[in-house]
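Biologist: Please display the structure, so that its strands and helices may be discussed in turn.

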Amino acid sequence: MTQHVVQFSGGVGSFGAALRVAEKHGTSNMTLLIADTKIEDPDLWRFAYDTSSLLNVPLTVVADGRTPWELFRDKRFLGNDRITPCTMYLKQIPCRKWMKANAPVDDSIIYIGIEKTKRDRARIPAIARNWKPWRTQFPLCNRWEPELTKEESKARLLDEARWFGIEPPRLYELGFEHNNCGGTCVRAGQTQWKHTLDVFPERFEHAEAQEAELRTTLGNVSILRQRRKGVSYNLPLSELRRQHHASPALPL
Ligand code: SF4
């Protein structure tokens with residue numbers, strides 16, 4: 001029997017993918033595979049377990065065991081908005097390890113909740129390549145449906161979760177685009193980091209301290225960069241905090 005493995009990130013896209021897989025194939029050979037980065041918002045786990053109960057499919061949780069910050073220290077490299085070793089070590093490698101042990105290549109399909117927006121769809125070939133030799137499918141990207149804007153797609157998925165009686169992850173309600181790494185994803189840009197400073201000052205402070213510690217050993221590195229007069233500079237979180245307090249942004 002073909003194994004249907006949903007790469008469940010805790011975001012509403014992966015929720016939508018899981019629903020569609022359950023509707024099409026049933027849940028008896030379904031896995032909800034999720035990687036724990038150890039810094040997720042607690043409400044991500046509430047949402048993940050609510051989804052698990054709805055579908056009657058236990059969560060399969062894998063973990064490297066390190067937080068992104070611990071990984072950056074070990075690798076002597078600070079993840080940033082361009083290069084994210086945390087994705088590979090904390091998510092891809094543990095998930096592939098599980099796949100190797102539990103999902104035969106010739107009889108398993110991995111489902112990813114890529115949304116049907118122009119930007120997200122452009123990521124499909126690279127994602128499919130990364131998962132090889134397993135087959136991948138993208139259940140939210142049906143060919144016969146028109147492309148959606150990010151807002152339309154998100155609203156539709158949030159409504160879908162509520163319709164099934166599941167409260168969406170609180171990070172969306174709090175103004176974050178993604179429900180990952182507790183609003184402190186190193187891939188996020190300046191706008192989100194400022195938002196994190198406003199909404200979760202203690203998480204920003206923790207990230208700021210971690211970055212500062214890495215800067216003492218690695219030199220002038222930073223998660224963010226800033227362009228001035230066509231030149232790109234490192235922008236430490238401490239400097240972003242200073243700029244934000246000097247001129248707070250409008251709410252997201
Ligand atoms: S969500 Fe962001 S910080 Fe977390 S593992 Fe992925 S790239 Fe790294």
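**Sheet and helix packing**

Modeller: This is a predicted model. Helix α1, residues 12-25, lies across β1, β2 and β4 (108-111), and runs at about 165° to β1.

Biologist: In what order do the five strands form the open sheet?

Modeller: The pairing in this open sheet is parallel. Its edge strands, each pairing on one side only, are β3 (59-62) and β5 (135-137). Neighbouring strands are turned against each other by 30° on average, direction ignored. The order of the five strands is β3-β2-β1-β4-β5.

Biologist: Which residue in β2 stands opposite H4?

Modeller: Strand β1 covers residues 3-7 and strand β2 covers residues 30-35; the two run parallel and are joined by four bridges. Opposite H4, in β2, stands M30.

Biologist: Is α9 roughly parallel or roughly perpendicular to α11?

Modeller: Helix α9 (residues 190-199) packs against helix α11 (residues 237-246) with the axes 10 Å apart and at an angle of about 75°. Angles from 65 to 115 degrees count as roughly perpendicular. Therefore α9 is, with respect to α11, roughly perpendicular.

Biologist: How many residues of the contact of α9 with α11 are nonpolar?

Modeller: From α9, the residues Q190, W193, K194 and L197 take part, and they meet L237, L240, R241 and H244 in α11. Two residues of this contact are polar and two are charged. The number of nonpolar residues is four.

Note on methods:
Residues numbered from 1 in each chain as written. Predicted model: local features only at pLDDT ≥ 70, side-chain atom pairs only at ≥ 80, totals over all residues. Pairing = 2+ DSSP bridges. Axes fitted to C-alpha atoms, helices over the stretch in contact; angles between N-to-C directions. Contact = placed C-beta atoms within 7 Å. Parallel < 35°, antiparallel > 145°, perpendicular 65-115°, else oblique. Nonpolar A, V, L, I, M, F, W, Y, C, P; charged D, E, K, R; others polar.
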